[in-house]
Number of protein chains: 2
Amino acid sequence: MPELRKDPISQRWVIIATERSKRANHYKSSGPPPQAEPKFCPFCSGNEDKTPPEILAYRPDGSRPNTPGWHIRVVANKFPALRIEGGLNREGEGIYDKMNGIGAHEVIIETPDHKQTMATMTDKHVEDILWSFRDRILDLKKDRRFRFILLFKNHGEAAGASVEHSHSQLIALPIVPRNVIDELRGAKDYYDQKERCIFCDIIRQETASKVRLVSENDNYACITPYAARFPFETWILPKKHGPFFEDSQKYEFEALARILCDTLRRLDKALNNPPYNFIIHSAPVNQAYHDEDYYHWHLQIMPRLTNIAGFEWGTGFYINPTPPEEAAKFLRELEIRD
Amino acid sequence: MPELRKDPISQRWVIIATERSKRANHYKSSGPPPQAEPKFCPFCSGNEDKTPPEILAYRPDGSRPNTPGWHIRVVANKFPALRIEGGLNREGEGIYDKMNGIGAHEVIIETPDHKQTMATMTDKHVEDILWSFRDRILDLKKDRRFRFILLFKNHGEAAGASVEHSHSQLIALPIVPRNVIDELRGAKDYYDQKERCIFCDIIRQETASKVRLVSENDNYACITPYAARFPFETWILPKKHGPFFEDSQKYEFEALARILCDTLRRLDKALNNPPYNFIIHSAPVNQAYHDEDYYHWHLQIMPRLTNIAGFEWGTGFYINPTPPEEAAKFLRELEIRD
């Protein structure tokens, strides 16, 4: 019998097809096609003049801005979905509402090397990427127009990446988006009822039962969520309660890089370099109210192995052909070398 | 300057990229690859024994069930996401909630001819398909366990269709899904404030201004919505207020088939047989309360030309590179023969 499971935070239902479940082999992607002749890439070292000027770069050799020598580089998106200059100009259009698309849209170029992915980089390099996320968030938070800063990654064409070279993106928004409000509300309702954080409860249940646990270290747990929307969806949760990703300490970024690299290597091995999105869920910024008690930042990784079709669009319901318990067991039992 | 626009019903924001807007040519798909040797198709006439037995069939020649002679045929989905037998068995699993995946999952095989699509069929044939939708809904509504019946179509592989042969699907659910609740709540909030139906107001504004009007007849308007999530997204709205698709009258199904065929032919011509989903938005069934006053059924068509990526997943916000005014103008000005 298929199971309907409810995500305890968003209250979203998913259908877990326990009977005709699909295992990792079913999804193994063929990997990216080998590039006989690599196309021109604006993110490669030496092509710094093909991107907007850098906003931030880590240059261990002290080289000049917008020249080679960097190992992580942040630039404005050349084709931004939003513009940083101007006022919101909220106005009506008959019965409709609109405002100017004010916001920041930046690209974190994660490595000068076109052939690296987050799963093949060293833990230390990924830790530095996490530091660059933090640096940009702390800077953008100073702009009081912004209410929400999203850090995300599209890896592979099927996951929406238009450039192959490993990169993440940051979007700062003047409003708190609907999905975020729904997640906050779900966490607050639970807190109001039980006076406990729902994410802390999830960590307690999952690290005790271990059926959906992929791995853990002193500071983080990696699980497949109970109401996973997608096959091999995995979440990384900090064991210490806190609403903001950017408040993490040095030892936490070290431990996060370690578990993130390990998870991405497991997904790579299980699914042969699958397309995926990852999203850092962190609390809204510059708010009058505070989310400290009930919100708990975390990172969600969603391999893109199935198509979203009419049913999902019409209902917001997902059909997941791989029970998260099976995905967790498969990922947990893989042998991964550091 | 890009625009943030708010959907007045769901309150969902979208980013309309007015400056670097993408026109129809940008999306022209290459169409389906010509099939040198058609693969075996379980939905073709003559293969009736390869599907579950028919639940409904229109057989103008009076032929026997599960033999050729039908022109529309409804069967249970061979790989159902949900099962019709059993109880809900709601239960907890620690902090989580689940229930059995009870529901109906049916396939409407729209034609015996493998080469037809809804855009190439006669208006009369499409009208008969609409009648088959109505017949199945009226039958399933009698099952008091069901609260919501979704009718949708996945056309093309990128839109999630696993079988090429033209078909729609029906799913009856024991709960009202989150997206539907959000839409109902949006419509109710507007009604509570203004004592008018938001959809009726949309129809009035759009048929008066005409900037987002694709076509209209006495009974329906076809528009591109103000806060379109996707390039060339189009909605067909009945001019007569009513919450249920299945309450439509004979003359209305005739007019709906006409405008639906016309719209699909326009999209086919503009975008060269694009993958798309359509979804009938109709009120929940078997409810104690009534949605008559504020809810207004309609049909949404979403061409699948862009990828959903990390930003959309993280926020529920969409980035649409084609302003709906441009899409409407392009579709409106195409010459279409009936």
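These are my notebook entries on a predicted model with chains A and B.

**Entry: the two copies**

I started with how the chains relate. Laying chain B on chain A takes a turn of 180° and a shift of 0.0 Å along the axis, and the RMSD comes out at 0.0 Å. The two copies are thus related as by a two-fold rotation axis. Which C-alpha of chain B is nearest the axis? That is the one of B:Ile308, at 4.5 Å from the axis.

Next I looked at how the copies meet. Of the interface residues of chain B, 100% are also interface residues in chain A, so the copies meet through the same surface.

**Entry: the core**

I went looking for the largest nonpolar core and found 196 residues in it. Which members touch the most other members? They are A:Ile15, A:Ile149 and A:Ile171, along with B:Ile15, B:Ile149 and B:Ile171. As a reminder to myself, nonpolar side chains tend to be buried together in soluble globular proteins.

I picked B:Ile171 and listed what it touches, leaving out residues up to four places away in sequence. In chain B, I noted B:Ala81, B:Leu82, B:Gly103, B:Ala104, B:His105 and B:Leu150. B:Ile171 also touches A:Phe311, from the other chain.

**Entry: A:His105**

A:Ile171 came up again when I turned to A:His105, which sits in strand β7 (residues 104–109) of chain A. Is A:His105 buried or exposed? It has 23 C-beta neighbours inside 10 Å, so I put it down as buried; the cut-off for that is 20 or more. Not counting residues up to four places away in sequence, A:His105 touches A:Ala76, A:Asn77, A:Pro80, A:Ala81, A:Leu82 and A:Ile171. I also checked A:His105 against A:Asn320: they are 215 residues apart in sequence, and their C-alpha atoms are 32 Å apart in space.

**Entry: a helix pair, in each chain**

Two packed helices are described by the angle between their axes and the distance between the axes, so I looked up both.

In chain A, helix α2 (residues 123–141) packs on helix α5 (residues 250–271) at an angle of about 120°, with the axes 8 Å apart. α2(A) and α5(A) are therefore oblique to each other. Their crossing is right-handed. On the α2(A) side, the contact is made by A:Asp123, A:Val126, A:Glu127, A:Leu130 and A:Trp131. On the α5(A) side, I wrote down A:Phe253, A:Glu254, A:Leu256, A:Ala257, A:Arg258, A:Leu260 and A:Cys261.

What angle do α2 and α5 of chain B make? I got about 120° there, with axes 8 Å apart. That makes α2(B) and α5(B) oblique to each other, and α2(B) passes α5(B) in a right-handed crossing. Among the contact residues are B:Leu130 and B:Trp131 of α2(B), and B:Phe253 and B:Cys261 of α5(B).

**Entry: helix α3**

I looked at one residue of this helix in each chain. B:Asn179 is in helix α3 (residues 178–194) of chain B. With 19 other C-beta atoms within 10 Å, B:Asn179 is partly exposed. What does B:Asn179 touch, not counting residues up to four places away in sequence? I found A:Gly314, A:Thr315 and A:Gly316, which belong to chain A. B:Asn179 and B:Ser10 are 169 residues apart along the chain, yet their C-alpha atoms are separated by 8.4 Å.

In chain A, A:Arg185 lies in helix α3. A:Arg185 counts as partly exposed, with 14 C-beta neighbours inside 10 Å. Its C-alpha is separated by 33 Å from that of A:Glu110, 75 residues away along the chain.

**Entry: two loops**

I began with the loop between β13 (276–281) and β14 (298–303) of chain B, where B:Pro284 is found. B:Pro284 is buried, with 21 other C-beta atoms within 10 Å. Leaving aside neighbours within four places in sequence, B:Pro284 is in contact with B:Arg147, B:Phe148, B:Val176 and B:Val180. The C-alpha atoms of B:Pro284 and B:Lys141 are separated by 9.8 Å, with their places 143 residues apart along the chain.

B:Asn286 is also in the loop between β13 and β14 of chain B. This one is partly exposed, with 14 C-beta neighbours inside 10 Å. Its phi caught my eye: near 55°, a positive value in a residue other than glycine. Most residues other than glycine have a negative phi.

Where is A:Asn66? I found A:Asn66 in the loop between β3 (54–58) and β4 (72–76) of chain A. Phi of A:Asn66 is positive too, near 60°, and the residue counts as partly exposed, with 15 C-beta neighbours inside 10 Å.

How values were computed: Residues are numbered from 1 along each chain as its sequence is written. Chains are lettered from A and ligands numbered from 1 in the order in which they are written. This is a predicted model: local features need pLDDT of at least 70, side-chain atom pairs count only at pLDDT 80 or more; totals for chains, interfaces and linings use all residues. A nonpolar core is a set of buried Ala, Val, Leu, Ile, Met, Phe, Trp, Tyr and Cys residues joined through C-beta atoms within 7 Å. A residue is buried if 20 or more other C-beta atoms lie within 10 Å of its own, exposed if 12 or fewer, and partly exposed in between; C-beta atoms are placed from the backbone. Two residues are in contact if their C-beta atoms, placed from the backbone, lie within 7 Å. Copies are superposed by least squares on the C-alpha atoms of residues with pLDDT of at least 70 in both. Axes are lines fitted to C-alpha atoms, for helices over the stretch in contact, and angles run from 0 to 180 degrees between N-to-C directions. Helices (H or I, at least four residues) and strands (E, at least two) are DSSP runs, numbered from the N terminus. Angles under 35 degrees count as roughly parallel, over 145 as roughly antiparallel, 65 to 115 as roughly perpendicular and the rest as oblique. A crossing is left-handed if the near helix is turned anticlockwise from the far one by less than a right angle, and right-handed if clockwise.
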